[in-house]
Structures are given as C-alpha cells and as structure tokens.
Amino acid sequence: MKKPAPEKLSLNTATVKKQWGIAQAIEGCARHGIRGISPWRDQVAAFGLEQTARLIRTHGLTVTGLCRGGFFTAKDWLEDNRRAIGEAHVLGAQCLVLVVGGLLPESKDLHLSREKIKEGIAKILPEARQAGVPLAIEPLHPMQAAERACINTLEQALDICDALGEGIGVACDAYHVWWDPKLQEQIKRAGKKRLLAYHICDWLVPTRDLLNDRGMMGDGVIDLPKIRSWIEAAGYTGFHEVEIFSELDWWKKNPDEVLATCKQRHRDCS
Ligand code: ZN
C-alpha cells in the first residue's frame, strides 16, 4: 500500500496539551514541518483568538478543524455553539468539530436525546453556513454514549447530514469507528462531500482509561492503512489529524519527541 504523503499530517493539539499551550504547539508544528493543526478552544482562549489566528497565519498552517462545538443536550448549548462558529471563522478552520453530547440530564431516553441533538444542529446550521464554517459531526465510540456523544456511528451521523442538507458532514475518527461493521460502506456513502476530517491514533490492548488512553499509530490494533485506503477511495484528499489523549504515556513525554514520533508513525503505520 502507498505510504501517506507527509504533508497530509496535522496535529490535534490535544496530543501535547499537557506540555504545550497553543503558541508552543503552533511553533512546534512549524519546527517539525507539520503543515496542519487542529486547536482546542480552551487553549485558543488562553492565548487569545486573534493572536492564535495571527500566529497560525505567520507559519502558514492549515487549520484542519476547531475542537469543539456540540453538547446539544447540555445547558447553554446555543450560546456556546454560536461562539464556537465565530471562533472557527476567525481561525479559518476547515470545519467545526461537533461532539454532540450524551444523554439528556436525568434521562435514560436515548431516542429523545438524539432528537434533541438533531434539533440543536439544525438550529445552528444556518449560522454556520453564513459564517462559511462547515459543521463536522464526530461519532464517538459507544462507550461514551452516556456522557459525551450518543451519535456513535457514521451511519447515524450521515442520516442527520442527509436530513439537514448543505454545510454539514462528518469527522471520521479511526479510534471511534474502527470496530463498526458498516465502516467501509458508510465511508463510501459519505464521499468527498461529507468527509470533512480524518482523525488517527490507535486502540491499545488493554485500554486502561475510557477517555485518556489512546495509543500512537502502530501501537494498537486498528488497521489504519486499510481505513485510509477506504477514505481515499471515497475521494478524501484532506489531512490526517493525529489526536492522542494519553494521560499515562504521551502527555508525559518531551513534546518534541512526541511530534517526531507522530511524523514517523504517520509515515510508517498509517
Ligand atoms: Zn477525533
């Protein structure tokens, strides 16, 4: 199989969030020749939105996504999503990633929670279109359905996209969807138009923490080259964004070593 082009690598700043603020992450990408970056909003806020946008422009990086909007089942979701759309616009982000939220408070009703999420997305979509910010629904692994996202497959996400029309697509995160028996067909269904982002890392065996024990590409069991081949067959030509939450390992390491390893594993294992 053909190796991925090195210029397709993007750094999701969560990967080094314990070591670096956003300015250091931007400068780190520039130093390591990583051409894409996907920041988290809390880090952007800490440094300043305009300053972040300026520094990213200075280094000519592509913003492959802004993390994140969503949580449509939480209080104050509307204002927060409006702010997120505005920030994504200022940063020139290719998409605003939506982690859609889990069950409604005090509820066991998954169906109702999903309906609420769909309504929430429909509500913010016109503003996102107006701002030129595509919305990317990110299905999360079902182990996070209760607390973080009860949209758990690409199929569910694409059904919402089809119902809502233009300006919306999906972020396909290999960590969350690798187990899905319909993965290949749903990637194909999404096609170039709906595939707005592709996130990579690896699934460790054993996994020691539900949120913060993601692996570096090549250290786990996900067949990343295969998934990339499906993504490419569907027409996706965008970045491959490394997103690793790793309390026990990568967050403890020298961030320059982390970035160097990301580059090497992107080339050899994804
Ligand atoms: Zn992701």
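Is D76 buried or exposed? In this predicted model, D76 is exposed, its relative accessible area coming out at 64%; anything over 50% counts as exposed. The residue belongs to the loop that links β4 to α4. Its backbone is a bit unusual too: D76 is not a glycine, yet its phi is positive, near 60°.

F71 sits in that loop between β4 and α4 (77-91) as well. Here again phi is positive, about 45°, in a residue that is not a glycine. The surroundings of F71 are another matter, though. With a relative accessibility of 19%, F71 counts as buried, because the cut-off for buried is under 20%.

Just before this loop comes strand β4, which spans residues 66-70 and includes R68. The peptide bond leading from C67 into R68 is cis, and its omega lies near -5°. A cis peptide bond also turns up between V205 and P206, where omega is about -5°. P206 is placed in a loop, namely the one running from β8 (195-200) to α9 (224-233).

Turning to the strands, β1 covers residues 9-12, and its side chains split between two directions: L9 and L11 point one way, S10 and N12 the other. Whichever way they point, all four of these residues are buried. β1 has pairing partners in β9 and β2. With β9 (residues 240-242), the pairing is parallel and runs over 3 bridges, and L11 of β1 stands opposite V242 there. With β2 (residues 36-38), the pairing is likewise parallel, over 3 bridges; in this case N12 has S38 as its bridge partner.

On the helix side, two packed helices are described by the angle between their axes and the distance between the axes. For α1 (residues 22-32) and α10 (residues 255-269), the angle is about 50° and the axes are 10 Å apart. α1 is therefore oblique to α10, and the two cross in a right-handed sense. On the α1 side, the contact is made by G28, C29, R31 and H32. α10 brings D256, L259, A260 and K263 to the contact. Sorted by class, the contact between α1 and α10 holds 3 nonpolar, 2 polar and 3 charged residues.

Definitions and conventions. Residues are numbered from 1 along each chain as its sequence is written. This is a predicted model: local features need pLDDT of at least 70, side-chain atom pairs count only at pLDDT 80 or more; totals for chains, interfaces and linings use all residues. Side-chain values use heavy atoms; hydrogens and water are left out. Helices (H or I, at least four residues) and strands (E, at least two) are DSSP runs, numbered from the N terminus. Buried means under 20% relative accessible area, exposed over 50%, partly exposed in between (1.4 Å probe, protein chains only). Axes are lines fitted to C-alpha atoms, for helices over the stretch in contact, and angles run from 0 to 180 degrees between N-to-C directions. Angles under 35 degrees count as roughly parallel, over 145 as roughly antiparallel, 65 to 115 as roughly perpendicular and the rest as oblique. A crossing is left-handed if the near helix is turned anticlockwise from the far one by less than a right angle, and right-handed if clockwise. Contact means heavy atoms within 4.5 Å. Ala, Val, Leu, Ile, Met, Phe, Trp, Tyr, Cys and Pro count as nonpolar, Asp, Glu, Lys and Arg as charged, and the others, Gly among them, as polar. Two strands pair if DSSP finds at least two bridges between them.
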